[in-house]
Amino acid sequence: MSQLAAGRPWNPYIAGALAGLLMVFSVYATGKYFGASTTYVRSAGMVERALDADHVEGNAYFAKEKPIIDWQWMFVAGIVVGSLGAASLSRTFKVQAVPDRWAGRFGPSPGRRYGAAFVGGIVAMFGARLADGCPSGHGLSGTLQLAASGYVALACFFLGGLVMARLLYGGRA
């Protein structure tokens, strides 16, 4: 507990090992693998249903993927609660509209940061829906099953992140 009390982030190896154990437990207990991208679409369907239930009932996609709170929705909610708890325990939690590195490269404008994050989210969600799932979930679940495609997805996800970071921030790390 001394590392947490010192206000430092969690050790990534320990956090990764715990996440791996959580995934193994999830598969053992429920037969379900990690995933998150469908949760966002289902949440949008829940909001839409509150506004226009007939439209949701007539939507072919929502006939297949019911806009309900299920295990995956609770998993995503658990990510939010768990990360808040971990940041609070390690005393590293802070509210920051514009990260220092972003401000150093693109300026301190929260509007520009939010706009870029929104557009990036749209691109990521479009890709996840096009691929029928998010690459990180496929990479994590696929590697757990020792699937070659899982390793390829994880490697491409990682390399894509490196390329994008290089494009956004140049050689500065």
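Is Ile122 buried, partly exposed or exposed? The points below take up this residue first and then turn to the rest of the model, which is predicted.

1. Ile122. This residue sits in helix α8. Its relative accessible area is 46%, so Ile122 is partly exposed. In the chain, Ile122 and Gly142 are 20 residues apart, and 24 Å separates their C-alpha atoms.

2. Overall content. The protein chain holds ten helices and zero strands. Its order along the sequence is accordingly written α-α-α-α-α-α-α-α-α-α. Along the principal axes, the C-alpha atoms fill a box of roughly 50 × 40 × 35 Å.

3. Burial and contact range. The protein chain has 173 residues, of which 20% are buried. When contacts between residues at least 6 apart in sequence are considered, 52% of them join residues at least 24 apart.

4. Helix α3 against α8. Helix α3 covers residues 37–51 and helix α8 covers residues 110–130; their axes come within 10 Å and cross at roughly 105 degrees. Angles of 65 to 115 degrees count as roughly perpendicular, and α3 is therefore roughly perpendicular to α8. On the α3 side the contact involves Ser37, Thr38, Tyr40 and Val41, which meet Met125, Ala128 and Arg129 of α8. Sorted by class, the residues of this contact are four nonpolar, two polar and one charged.

5. Met125. This member of the α3 contact is placed in helix α8. Met125 counts as partly exposed because its relative accessibility is 25%, and the partly exposed class starts at 20%. Leaving aside residues up to four places away in sequence, Met125 touches Ser37 and Tyr40. Asp54 is 71 residues from Met125 in sequence, and the C-alpha to C-alpha separation of the two is 25 Å.

6. Helix α3 against α6. The axes of α3 and α6 come within 9 Å, with a crossing angle of roughly 105 degrees. By that angle, α3 is roughly perpendicular to α6. The residues in contact are Thr38, Thr39, Tyr40, Arg42, Ser43 and Met46 from α3, and Gln72, Trp73 and Val76 from α6. Their classes are four nonpolar, four polar and one charged. Thr38 and Tyr40 are named in the contact with α6 and also in the contact with α8.

7. Second largest pocket. Its volume is about 490 Å³. The lining has 13 residues, and those closest to the centre are Ala19, Leu22, Ile79, Gly82 and Ser83. Helices α2 (12–30) and α6 (71–89) each contribute at least two lining residues. The largest share, seven residues, is supplied by α6. By class the lining has ten nonpolar residues, three polar and no charged. Helix α6 thus appears both in this lining and in the contact with α3.

8. Arg91. Most residues other than glycine have a negative phi. Arg91 is not a glycine, yet its phi is positive, at about 55 degrees. Arg91 is located in the loop between α6 and α7 (100–106). Its relative accessibility is 59%, so Arg91 counts as exposed, the cut-off for that class being over 50%.

9. Lys94. The loop between α6 and α7 also contains Lys94. At 55% relative accessibility, Lys94 counts as exposed. Lys94 and Leu84 lie ten residues apart in sequence, with 10.0 Å between their C-alpha atoms.

10. Leu146. A positive phi is also found at Leu146, a residue other than glycine, where the value is near 60 degrees. The position of Leu146 is in the loop between α9 (135–144) and α10 (148–169). Leu146 is exposed, because its relative accessible area is 66%. For a check of backbone geometry, the two residues to look at here are Arg91 and Leu146.

Technical notes: Residues are numbered from 1 along each chain as its sequence is written. This is a predicted model: local features need pLDDT of at least 70, side-chain atom pairs count only at pLDDT 80 or more; totals for chains, interfaces and linings use all residues. Side-chain values use heavy atoms; hydrogens and water are left out. On a 1 Å grid over the protein atoms alone, a cavity is a set of points where a 1.4 Å probe fits but cannot get out, and a pocket is an open set with protein on both sides within 12 Å along at least five of seven lines; lining residues have an atom within 4 Å of a point. Grid points are joined across faces, edges and corners, and a volume is the space filled by probe spheres set on the points. Helices (H or I, at least four residues) and strands (E, at least two) are DSSP runs, numbered from the N terminus. Ala, Val, Leu, Ile, Met, Phe, Trp, Tyr, Cys and Pro count as nonpolar, Asp, Glu, Lys and Arg as charged, and the others, Gly among them, as polar. Axes are lines fitted to C-alpha atoms, for helices over the stretch in contact, and angles run from 0 to 180 degrees between N-to-C directions. Angles under 35 degrees count as roughly parallel, over 145 as roughly antiparallel, 65 to 115 as roughly perpendicular and the rest as oblique. Contact means heavy atoms within 4.5 Å. Buried means under 20% relative accessible area, exposed over 50%, partly exposed in between (1.4 Å probe, protein chains only).
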